[in-house]
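Trainee: Please take me slowly through a single part of this model, the greasy side of its surface, and begin with one residue elsewhere as a point of comparison.

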Amino acid sequence: MKLRRLLKHLFTPHWVARRAFPRDTLRAIGEAVHAAEARHRGELRFVVEGPLHLGPLLRNLTPRQRAIDLFARLRIWDTEENSGILIYVQLTDRKVEILADRGISARVPQSEWDGVCRLMEVAFRSGDWRQGALDAVARAGDLLALHFPLESNHSNELPDEPLLL
């Protein structure tokens, strides 16, 4: 475990996540997720996490490993068509990860999701949290509409509202 990362997480206050993603920004992201899901069969889940608690830090979880952990804990894999997508923002590490369930990853290569992550990271570096998140949800919606289009009535299996941890 790197001491610098440990100290950064331990001394970053939890309110930093709320400052970057205030209530109106979270509401806008939720509305964008809802609008995007009207065009495809995928299920988007947007999660923002500030500093990690001591447990994940002591296990030395990378942002990717933490995203995998949350993918399971939040049951994003538990959709009828295996169509869950996690957009995970790790604020303290300044990393973004997108995980797609097997129904989606069979059609959309990880390189596409990695491109969406890089776009978000560029916006986030300039402090534009809201637009970076909205652009990522829109781009994810475009990819899903292209590769996983809506064919009939589709039920909403995961919450549209972003989760702030």
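**A nonpolar patch on the surface**

Mentor: Glu157 counts as partly exposed because its relative accessibility is 30%, where buried means under 20% relative accessible area, exposed over 50%, and partly exposed in between (1.4 Å probe, protein chains only). The model is predicted, so local features need pLDDT of at least 70 and side-chain atom pairs pLDDT 80 or more, while totals for chains, interfaces and linings use all residues. Residues are numbered from 1 along each chain as its sequence is written, and side-chain values use heavy atoms, without hydrogens or water.

Glu157 sits in the loop that runs between α8 (129-147) and β4 (163-164), with helices (H or I, at least four residues) and strands (E, at least two) taken as DSSP runs numbered from the N terminus. Its C-alpha atom is separated by 19 Å from that of Leu26, which lies 131 residues apart from Glu157 along the chain.

Turning to the part you asked about, Leu3 belongs to helix α1, and at 55% relative accessibility Leu3 counts as exposed. Together with Leu7, Leu10, Phe11, Leu54 and Leu58, Leu3 forms a nonpolar patch on the surface, whose combined accessible area is about 630 Å² (Shrake-Rupley, 1.4 Å probe). Two elements, α1 (3-11) and α4 (54-58), each give two or more residues to this nonpolar patch, and α1 gives the most, with 4 residues. Patch members have over 30% relative accessible area and no salt bridge, with nonpolar side chains joined within 5 Å and like charges within 9 Å; a salt bridge puts a Lys or Arg side-chain nitrogen within 4 Å of an Asp or Glu carboxyl oxygen.
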